[in-house]
Amino acid sequence: MIRHTSLGDNAFKRSRQLKQLLDKNEIAFAGNSKLKIYGTLDCSSGKRMKVQNRVFFHSIAEAVELGYRPCGHCMRVAYKYWKASLQ
């Protein structure tokens with residue numbers, strides 16, 4: 001897991017570092033550390049979250065291992081499966 005704030009001390013440095021990680025395929029999913037939710041990088045819900053709460057994952061397995069659940073907006077099928085497993 002990579003915290004967005006650890007990528008640099010200003011927005012430009014963070015976006016530059018994020019671009020490099022994306023180009024190297026080191027991150028594939030993003031999450032909200034406060035809500036423990038993960039989703040796709042292009043999720044509109046994820047784009048609205050605060051930088052302090054944003055984290056990045058290499059895989060779904062990494063996110064699930066750390067206790068995150070799928071986003072109900074961008075990952076509907078995975079979310080429904082997760083929700084059903086609670087009952």
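How much accessible surface does the protein have, and what share of it belongs to carbon and sulfur atoms? The accessible surface comes to about 5900 Å². Carbon and sulfur atoms hold 54% of that area. The model is a predicted one.

## Overall build

The protein has four helices and five strands. Along the sequence they follow the pattern β-α-β-β-α-β-α-β-α. The radius of gyration is 13 Å, close to the 12 Å that the globule rule gives for 87 residues, so the protein is as compact as a globular protein of that length. The C-alpha trace spans about 45 × 25 × 20 Å along its principal axes.

Buried residues make up 31% of the 87 residues. Take the contacts with a separation of 6 or more: residues 24 or more positions apart account for 57% of them.

## The sheet

In what order do the five strands lie in the sheet? The order is 1-4-2-3-5. The sheet is open, and its pairing is mixed. Strand 1 and strand 5 (69–70) stand at the edges. Each has a single partner strand, so one side of each is left without a neighbour in the sheet.

Strand 4 (residues 54–57) pairs with strand 1 and with strand 2. Strand 1 (residues 2–3) runs antiparallel to strand 4, and two bridges join them. Here I2 stands opposite F56, and R3 has V55 as its bridge partner. Strand 2 (residues 29–32) also pairs with strand 4 in the antiparallel sense, over four bridges. On that side, F29 stands opposite F57.

In a regular strand the side chains alternate between the two faces of the sheet. Strand 4 shows such a split. R54 and F56 point one way, while V55 and F57 point the other way. All four are buried.

## Two nonpolar cores

In soluble globular proteins, nonpolar side chains tend to be buried together. Which residues make up the largest nonpolar core here? The seven are F29, Y38, V55, F57, A63, Y68 and M75. Apart from it lies another core, of six residues. Among its members are L7, L18, A30 and F56.

Strand 4 contributes to both cores. V55 and F57, which point one way from the strand, belong to the largest core. F56 points the other way and belongs to the six-residue core.

A63 is a member of the largest core and sits in helix 3 (residues 60–65). Is A63 buried or exposed? Its relative accessibility is 0%, so A63 counts as buried. Leaving out residues up to four places away in sequence, A63 touches Y38, F57 and Y68. These three contacts are themselves listed in the largest core. A63 and A30 are 33 residues apart in sequence, yet their C-alpha atoms are 8.9 Å apart in space. A30 belongs to the other core.

## A buried histidine

H4 lies in the loop between strand 1 and helix 1. Its relative accessible area is 8%, under the 20% limit, so H4 is buried. What does H4 touch, leaving aside its neighbours within four places in sequence? Its contacts are R14, L18, V51, R54, V55 and F56. Of these, L18 and F56 are among the members of the six-residue core, and V55 is in the largest core. R54, V55 and F56 are strand 4 residues.

## Salt bridges

How many salt bridges are there? The count comes to two. The table gives each pair.

| Pair | N to O distance | Relative accessible area |
|---|---|---|
| K13 and D9 | 3.3 Å | K13 43%, D9 62% |
| D23 and K19 | 3.0 Å | D23 52%, K19 47% |

In the K13 pair, K13 counts as partly exposed and D9 as exposed. In the other pair, D23 is exposed and K19 is partly exposed. Why are D23 and K19 separated by about one helical turn? They are four residues apart in helix 1 (residues 11–23), and that spacing is about one turn.

Methods
Residues are numbered from 1 along each chain as its sequence is written. This is a predicted model: local features need pLDDT of at least 70, side-chain atom pairs count only at pLDDT 80 or more; totals for chains, interfaces and linings use all residues. Side-chain values use heavy atoms; hydrogens and water are left out. A nonpolar core is a set of buried Ala, Val, Leu, Ile, Met, Phe, Trp, Tyr and Cys residues joined through side-chain atoms within 4.5 Å. Buried means under 20% relative accessible area, exposed over 50%, partly exposed in between (1.4 Å probe, protein chains only). Contact means heavy atoms within 4.5 Å. A salt bridge is a side-chain nitrogen of Lys or Arg within 4 Å of a carboxyl oxygen of Asp or Glu. Two strands pair if DSSP finds at least two bridges between them. The radius of gyration is taken over C-alpha atoms; the globule rule is 2.2 Å times the number of residues to the power 0.38. Accessible areas come from the Shrake-Rupley method with a 1.4 Å probe; for residues, only the protein chains shown count as cover.
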